[in-house]
Amino acid sequence: MSTKAKALFLLEPKGQYAVQDKDVPEPGKGEVLVQIFATALNPVDWKIHDYDVFIKDYPAILGTDSSGVIAKVGEGVTNVAVGD
């Protein structure tokens with residue numbers, strides 16, 4: 001698995017979107033890493049952009065409606081497995 005991934009960033013409040021590379025994190029205790037195969041913006045995402053709500057630190061990553069496959073599991077994860 002690559003150490004970089006593409007992500008949709010909102011660069012500044014009410015600003016432009018930009019697709020940029022981001023480091024892929026390792027899953028921590030109780031976390032999983034999902035290899036995303038499809039993602040989308042939803043109505044909350046465009047409201048975040050248009051009304052400058054919920055986000056405090058920019059650049060921010062939007063598009064959290066996603067689907068994919070579990071690529072790694074962190075310590076203590078027992079209810080799912082790689083490949084789910």
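## A β-hairpin and the helix residue that touches it

Strand β1 (residues 4-10) and strand β2 (residues 17-23) run antiparallel and are joined by 7 bridges. Strands pair if DSSP finds at least two bridges between them. Strands (E, at least two residues) and helices (H or I, at least four) are DSSP runs, numbered from the N terminus. The structure is a predicted model, in which local features need pLDDT of at least 70 and side-chain atom pairs count only at pLDDT 80 or more, while totals for chains, interfaces and linings use all residues. Residues are numbered from 1 along each chain as its sequence is written, and side-chain values use heavy atoms, with hydrogens and water left out.

**The hairpin.** Between β1 and β2, which form a hairpin, there are 6 residues. Lysine 14, in the turn, has a positive phi of about 60°. Leucine 10 has tyrosine 17 as its bridge partner in β2.

**Two buried residues.** Histidine 49 belongs to helix α1 (residues 43-51), and alanine 18 is placed in strand β2. Buried means under 20% relative accessible area, exposed over 50%, and partly exposed in between (1.4 Å probe, protein chains only). The table lists both residues; contact means heavy atoms within 4.5 Å, and residues up to four places away in sequence are left aside for histidine 49 and likewise for alanine 18.

| Residue | Relative accessibility | Contacts |
|---|---|---|
| Histidine 49 | 14%, buried | Leu10, Lys14, Gly15, Tyr17 |
| Alanine 18 | 17%, buried | Ala7, Leu8, Phe9, Leu11 |

Histidine 49 thus touches Leu10 and Tyr17, the two residues that are bridge partners, and also Lys14 of the turn. In addition, a polar atom of the histidine 49 side chain lies 2.7 Å from the backbone oxygen of glycine 15. Alanine 18 and valine 32 are 14 residues apart in sequence, and their C-alpha atoms are 26 Å apart in space.

**The whole chain.** The protein chain contains 1 helix and 5 strands, and its pattern along the sequence is β-β-β-α-β-β. Its C-alpha atoms fill a box of roughly 40 × 25 × 20 Å, taken along the principal axes. Of its 84 residues, 20% are buried. Among contacts between residues at least 6 apart in sequence, 55% join residues at least 24 apart.

Key. A polar contact is a pair of N or O atoms within 3.5 Å; within protein, one must be able to donate a hydrogen and the other to accept it, and residues adjacent in sequence count only if both atoms are side-chain atoms.
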